[in-house]
Structure formats: structure tokens, C-alpha cells
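Biologist: I'm new to this one and would like to learn how to read it. Could we go through it together?

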Amino acid sequence: MTLTKPIATPAFVIDQAILEADLAVVREIADRASCRMLYSPKACALTDVLRHVSRHVDGFACSSPYELELIQRVCGDAGSLHLISPLIKAETLEVFGDRLASVIFNSLSQWERLGKKASARTRRGLRVNPQLSFVRDQRYDPCRRNSKLGVPVHDLAELARSDPGRLEGIDGLHFHTNCDATDFASLLATARHIEDEIPHVLERMDWINLGGGYLFTEANDLADFFEGVAIFRQRFGLDVFIEPGAALVRRAGTIEATVHDVLVGDDLQIALLDTAVNHMPEVFEFQFEPDVLGHVDGGLHGYILAGCTCMAGDVFGEYAFDIPLAVGSRVTFLNMGAYTISKAHRFNGVGLPSIYLRRRDGSLKLVREDSFEEFAHLSGVAGRAVA
Ligand SMILES: Cc1ncc(COP(=O)(O)O)c(C=O)c1O
């Protein structure tokens with residue numbers, strides 16, 4: 001539906017022009033490095049996003065049967081399907097059969113139990129934990145001590161010496177070790193580390209997947225990326241994959257909200273919005289202040305922007321504007337395209353944001369509106385709920 005009136009808030013708006021521009025930038029970088037590019041749909045799996053993304057990527061790195069099914073339904077044969085998850089079930093391998101281009105096992109025990117269940121046409125990979133940490137927050141560090149993610153590279157090195165037959169049938173490796181990195185020094189360090197630790201394993205492989213975690217569009221210097229990729233391509237002759245999520249979609253999304261009250265706090269006014277950290281869970285998870293359109297450091301009118309749920313900590317941070325906010329003012333949260341809608345929930349019964357696509361010509365398409373019926377359905381109300 002094309003809109004003639006302004007969008008109703010709270011809303012999540014995907015901007016097609018920004019999405020296409022960022023997709024083209026990352027595609028070009030991947031091509032220069034001769035990498036295959038997969039999209040990690042956990043970042044944002046909206047239909048319109050997937051359709052645009054599918055024109056620029058070689059395939060999709062899915063985390064679950066639902067994601068696989070969704071991609072299949074929305075994108076058809078527009079890209080190959082890859083499965084990477086700490087939990088892979090035999091039934092998933094059976095159901096998706098030949099449609100899976102690759103499956104990446106998280107552990108040796110999984111590989112040994114399930115390796116034969118994958119189709120003969122599916123490539124088998126193993127996730128490696130390079131045991132080289134770059135992420136300060138342990139909750140997001142795949143290389144933390146006692147990590148559940150991947151086979152520790154030292155164990156793999158030992159296995160390659162003592163019992164290489166256990167790797168027979170594995171033709172690729174995967175690692176994913178970073179989060180929102182804006183330079184590639186850690187990628188290069190990881191490539192060198194893996195090269196030193198398991199050269200004989202790499203020699204037996206056909207491909208390697210470097211995961212996501214890098215914001216390609218925000219990096220000033222790509223030299224380390226090219227050098228890291230070259231280690232695998234040139235020294236070991238591997239096909240190299242990358243599977244970004246946030247880098248492709250973060251900048252294209254905004255959350256639009258409206259001020260519904262202005263409260264007088266102890267030393268700052270509080271602008272109460274019709275959105276909540278429900279809609280941007282990473283703001284609460286990471287305790288960061290999202291970018292807001294019109295915020296100016298030292299601006300004349302300062303506010304705490306607060307969400308509308310009962311939780312005291314449902315606040316976005318302190319902001320300042322040159323123009324005062326009042327009931328009815330619009331507030332736009334920028335860079336919300338990744339891990340926003342895919343993590344959003346309805347705590348307090350606050351409905352999810354309406355979803356809009358802003359087309360290249362500026363027109364808006366309403367993609368989806370939340371409804372009480374869906375809330376009721378999730379609460380176990382069968383059939384049509386009666387208010
Ligand atoms: C295995 C794997 N690949 C790719 C990604 C995408 O990462 P990003 O969105 O940071 O690029 C993730 C994110 O958690 C991941 O776990």
C-alpha cells in the first residue's frame with residue numbers, strides 16, 4: 001500500500017536507497033577480494049530486505065530451520081542456503097536435503113553424529129574457535145574461555161597430528177570472532193594465527209568462511225581485509241566466504257517515534273515516547289545510546305528520551321536539540337536496520353513497530369502493521385480473539 005498520509009508511529013522504516021548503496025559497496029569489496037558473500041539473515045529478515053539483499057549476495061548463512069524456510073519462500077533459488085548453528089538436528093538435514101549448499105558443524109561430536117545425515121551434495125564444514133579474543137564484552141566473545149562456539153584451534157591442531165582420519169569428509173572451515181569491528185586488524189591477526197596453528201588442516205580444505213562481525217561500509221582501510229583473504233586464497237588455494245549481517249542493513253533502518261509526554265525530572269526533562277527498548281533490545285542489552293536525528297552536542301534543549309514500558313531502565317539516553325520537544329514531536333533513531341526488528345518483542349503488551357519501506361523515489365509502502373490479534377494469538381488465544 002502506498003501512503004498518502006504521514007507514517008503512524010512507532011514505525012520501523014527501511015530506506016531502499018541506503019540499503020542498495022551499502023549492498024553495492026560491500027559486494028564490490030567482496031568482488032575485489034574474490035570472496036563469495038553470504039547474508040546472515042539474523043540481522044534483519046524482513047521480506048523487502050531479503051529481496052533486495054538476494055540481488056547482491058551469493059547465498060544466505062542461516063541459523064535455524066525457520067530462517068532456511070523463510071529464505072526459501074521469499075527468495076526461491078536466488079541464493080544458496082548454508083546452515084551454521086551450535087544446534088543442528090538430524091531432521092533439519094533430512095528436511096532440507098540437497099537444498100543445503102553447506103552445513104557447518106559446531107563440534108567434532110556433532111560432526112561425527114550427524115555428518116552422514118547431510119545430503120551427498122552438501123558440503124561439510126567445521127566451526128573453529130581460533131582462541132584469539134577481540135570482543136571485550138564476554139557475552140559476545142565467541143573466543144571466551146569455555147566457549148561453546150566451535151572446535152578450539154589447539155584441539156584441531158592436535159587432532160590433525162594424532163588422528164587426521166576423523167576429519168575425513170570435512171572440506172571447509174568457519175570462524176566468526178568479532179562484533180561491529182570497523183577495521184580489519186583482528187581479521188588479519190586471526191588469519192595469521194590460524195595459518196600458524198593448523199597449516200596442515202588448511203591444506204586439506206577447499207573453502208573457509210570468515211564469518212561476520214565487520215562493518216565494511218565504515219572501514220577506512222581495507223588492506224588488512226585483502227591481506228587476510230589472500231592468506232587463505234593464495235597460500236592454501238581456498239574459496240573464501242564472508243557472511244556479514246549488520247554491515248549490509250544497519251544504516252538502512254530507522255525507528256520513528258512520537259513524543260507523548262514531557263516530564264520534569266530532577267535535572268533534565270524527560271520526553272516519553274511511543275517506542276521502547278522492546279523495539280531496540282540491543283540498546284538495553286549493550287547499554288548504548290542510539291544515534292538520534294537532530295541531536296547536537298551542547299544543544300539548547302536537553303532531554304532524557306524514555307520508552308513507554310514500566311521498566312525504569314527503559315531509557316535511550318540523554319540528548320540535546322536546537323528546537324524544544326513537545327507532545328507530538330517526531331523522534332528518529334538512526335542506524336537501526338540490524339538486530340532491531342529481529343529482536344523486538346511486545347513486553348507490556350506494547351505492539352511492535354509498523355514496518356514501512358521508503359522507496360527510491362521517497363514514497364512509502366506500508367509493509368506490516370501489528371495487531372492485538374497477533375498479541376492474543378501468541379498468548380494462546382485460539383481463533384479470533386474477542387476484546
Ligand atoms: C556465525 C555468525 N555469522 C555471521 C554473523 C553476522 O554478524 P554481523 O551482523 O556482526 O556481521 C553472526 C552474528 O552473530 C554469527 O554469529
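Biologist: Let me start with charges. How many salt bridges are there between domain 1 and domain 2?

Modeller: Keep in mind that this is a predicted model. To count as a salt bridge, a side-chain nitrogen of Lys or Arg has to be within 4 Å of a carboxyl oxygen of Asp or Glu. Between domain 1 and domain 2 the count is two. Asp48 makes a salt bridge with Lys365, with 3.1 Å between the closest N and O atoms.

Biologist: And how many residue pairs are in polar contact between domain 1 and domain 2?

Modeller: Seven, with both residues at pLDDT 80 or more. On the side of domain 1 that touches domain 2, you'll find five nonpolar residues, one polar and five charged.

Biologist: Hang on, where do the two domains run?

Modeller: Domain 1 covers 33-244, and domain 2 covers 250-378. Eleven residues from domain 1 and 14 residues from domain 2 take part in the contact. As for the C-alpha centres of the two domains, they're 33 Å apart.

Biologist: How do I put a size on an interface like that?

Modeller: People often give the size of an interface as the accessible area lost when the parts come together. Here, domain 1 and domain 2 bury about 1,100 Å² between them, and 53% of that is on carbon and sulfur atoms.

Biologist: Which residues in domain 1 lose the most area to domain 2?

Modeller: Ala43, Asp48 and Tyr140, which together make up 39% of what that side buries. You've met Asp48 already, as the salt-bridge partner of Lys365.

Biologist: Now the ligand. Which residues are closest to it?

Modeller: There are 13 residues surrounding the ligand, and the closest are Gly213, Glu243, Gly245, Ala246 and Tyr339. Then look at which atoms pair up. Gly213 has a backbone N or O atom 2.9 Å from an oxygen atom of the ligand, while a polar backbone atom of Gly245 is 3.0 Å from a ligand oxygen atom. With Glu243, a polar side-chain atom lies 2.7 Å from a nitrogen atom of the ligand.

Biologist: And how much of the ligand does the protein cover?

Modeller: On its own the ligand has 400 Å² of accessible area, and the protein covers 86% of that.

Terms used:
Residues numbered from 1 in each chain as written. Predicted model: local features only at pLDDT ≥ 70, side-chain atom pairs only at ≥ 80, totals over all residues. Heavy atoms only, no water. Domains from an automatic or database assignment. Contact = heavy atoms within 4.5 Å. Buried area = accessible area lost by both parts, 1.4 Å probe. Polar contact = N/O pair within 3.5 Å; in protein donor to acceptor, adjacent residues only side chain to side chain. Nonpolar A, V, L, I, M, F, W, Y, C, P; charged D, E, K, R; others polar. Near = heavy atom within 4 Å. Areas by Shrake-Rupley, 256 points an atom, 1.4 Å probe, with all protein chains shown as cover.
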